[in-house]
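Me: Please take a close look at one loop residue with an unusual backbone angle, and then describe the features of the model that can be set beside it. A connected account is preferred to a list.

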Amino acid sequence: MYTLQELGWCDFFAQQVGDESDFLPARVAEENREFYRILCEPGEFLAELSGKLRHATTSRADLPAVGDWVLAQLRPRENRAMIHRVLERKAKFSRKTAGRRTEEQIVAANIDVLFLVSSLNREFNPRRIERYLTLAWESGACPVIVLNKADLCENAEGFRTEAEGAAMGSRVVLSSATRGDGLAELRANLRGGAQQSCTTAALLGSSGVGKSSLINALLGDALPEGGQLLTQAVREDDDRGRHTTTSRQLLLVPGGGVVIDTPGMRELQLWGAADGIGRTFFDIQELAARCKFRDCRHQSERGCAVRAAVRLETLDAERVESFHKLEREEQFLEAKQDAALRSERTRELRKLMKSVNRFYRERGR
Ligand SMILES: Nc1nc2c(ncn2[C@@H]2O[C@H](COP(=O)(O)OP(=O)(O)OP(=O)(O)O)[C@@H](O)[C@H]2O)c(=O)[nH]1
Ligand SMILES: [Mg+2]
Ligand SMILES: [Zn+2]
């Protein structure tokens, strides 16, 4: 049994529900091909999409994702349910689907906070933090940088300073899932501000940084025996993880808050991140406004304020490189999206032409 509040329900979702009294609001806790594990007031159910909903969806992003609120019809005796509608999302963290397809993949829906987790060993990389931040700003959720495994590191404060350089004002938390550092701070972020509903946080980061370990530590005694999330030692030669978590999962934290565990991502490609780049690199944007030429590309132009800042060492050259790289990636993606849209239109036009031709042919008979 759950209350809607502890699952993260709020007015934003309530307002979307009309006179649909046959249906109950439920939250997607896990997704596995065509099956969904959903949580609602009466408990936990295994759900499928209704035929109508399946037919109405045109892209993968329209299908329910972990964290989504849906309207479902229950068959309590069988513990099964049918999903009829996906409610509009308050926020979503998306990336480009891994591989060659130009398609959006929703990593987590309706999140308020994103814990961007790194670990304080060879995995630590401010450039990766910038990439995560860029997508995080695009999501509508508030990013918090988490530097885990502080217990393994003698110079944790040094790492914090370096991370703060990439974070541009976002909060940075030092944590240790094994020793317990920072857990209170993470919990505080889950209690949220004035809103009456509970906060939802997703943990994102490379494999092996300790996302599942942090969740186990946050859930503590609330986990049933044997109910701990699976964790696994990292490879010794390079500190990388072994992709232990394989599917996304939503869990409730005792004392309030909802967390989403995610599998470590091998590639995090941008998806519609033009604004996110602007926010992540607002120091560079501000400098760019002072360049002599309005279309300055900060390469070798005269009067470039960005290059001047690099020369004066008030701006990190690698950060500028990271900015250029993400911008190029974003432009490339936009061009590909345009191409995909154009070929879609061409297909539609061809279909239309065929039916027009048929019409005239038949009339001419
Ligand atoms: N010393 C130390 N080890 C940690 C800490 N957090 C996690 N670990 C260890 O790091 C390894 C990887 O942790 P996981 O929690 O499985 O990492 P993950 O981020 O969930 O990895 P994926 O599921 O593969 O994405 C495990 O052996 C953990 O025990 C920490 O704060 N300190
Ligand atoms: Mg994991
Ligand atoms: Zn410039």
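**A buried loop residue and its setting**

Reply: N110 counts as buried because its relative accessibility is 2%, a value under the 20% cut-off for that class. The model is a predicted one, and each value below is computed from it. N110 lies in the loop between β7 and β8. Its phi is positive, at about 55 degrees, although N110 is not a glycine. Most residues other than glycine have a negative phi.

K149 invites the same kind of inspection. Phi of K149 is near 65 degrees, again a positive value in a residue other than glycine. K149 is placed in the loop between β9 (142-148) and α5 (156-167). With a relative accessible area of 15%, K149 is likewise buried.

The two strands that flank the loop of N110 lead to two different kinds of void. β7 (104-109) is one of the elements that give two or more residues to the lining of the largest pocket, and β1 (24-32) is the other. The largest share of that lining, four residues, comes from β7. β8 (113-119), on the other side of the loop, supplies at least two residues of the lining of the largest cavity, and α4 (126-139) does so too.

The pocket may be taken up before the cavity. The largest pocket has a volume of about 650 Å³. It is lined by 28 residues, and the closest to its centre are E31, R60, Q105, T246 and R248. By class, the lining of this pocket divides into eleven nonpolar, eight polar and nine charged residues.

The count of cavities of 30 Å³ or more comes to one. The largest cavity has a volume of about 50 Å³. Its lining consists of L116, V117, S118, R128, I129, Y132 and I145. By class, five of these lining residues are nonpolar, one is polar and one is charged.

Helix α4, which contributes to the cavity lining, also holds a salt bridge. R127 pairs with E130, and the closest N and O atoms are 2.9 Å apart. Side chains of opposite charge can pair when their charged atoms come close. R127 and E130 are separated by about one helical turn, because they are three residues apart in helix α4. The two partners differ in burial: R127 counts as partly exposed because its relative accessibility is 21%, whereas E130 counts as buried at 0%. This pair does not stand alone, for R127, E130, D283, E318 and R319 are linked in a network of salt bridges.

Helix α5, which follows the loop of K149, has a salt bridge with a like spacing. The side chains of R160 and E157 meet at 3.0 Å, N to O. These residues are three apart in helix α5, and therefore about one helical turn separates them. R160 is partly exposed at 21% relative accessibility, and E157 is also partly exposed, at 48%. A search of the whole structure finds 19 salt bridges.

A further salt bridge joins R328 and E321, with the closest N and O atoms 3.7 Å apart. R328 is partly exposed, with a relative accessible area of 47%, and E321 is partly exposed as well, at 44%.

Helix α11 (residues 317-364) provides a last point of reference, and Y360 lies in it. E330 is also in helix α11. E330 counts as buried because its relative accessibility is 6%, while Y360 counts as partly exposed at 48%. The C-alpha atoms of E330 and R342 are 18 Å apart, and the two residues are twelve apart along the chain. Y360 belongs to a nonpolar patch on the surface, together with L349, L352, V356 and F359. Taken together, the members of this patch have about 500 Å² of accessible area.

To return to the residue with which this account began, N110 combines a positive phi of about 55 degrees with a buried position in the loop between β7 and β8.

Methods: Residues are numbered from 1 along each chain as its sequence is written. Chains are lettered from A and ligands numbered from 1 in the order in which they are written. This is a predicted model: local features need pLDDT of at least 70, side-chain atom pairs count only at pLDDT 80 or more; totals for chains, interfaces and linings use all residues. Side-chain values use heavy atoms; hydrogens and water are left out. Patches are made of residues with over 30% relative accessible area and no salt bridge: like charges are joined within 9 Å, nonpolar side chains (Val, Leu, Ile, Met, Phe, Trp, Tyr) within 5 Å. Accessible areas come from the Shrake-Rupley method with a 1.4 Å probe; for residues, only the protein chains shown count as cover. A salt bridge is a side-chain nitrogen of Lys or Arg within 4 Å of a carboxyl oxygen of Asp or Glu. Buried means under 20% relative accessible area, exposed over 50%, partly exposed in between (1.4 Å probe, protein chains only). On a 1 Å grid over the protein atoms alone, a cavity is a set of points where a 1.4 Å probe fits but cannot get out, and a pocket is an open set with protein on both sides within 12 Å along at least five of seven lines; lining residues have an atom within 4 Å of a point. Grid points are joined across faces, edges and corners, and a volume is the space filled by probe spheres set on the points. Ala, Val, Leu, Ile, Met, Phe, Trp, Tyr, Cys and Pro count as nonpolar, Asp, Glu, Lys and Arg as charged, and the others, Gly among them, as polar.
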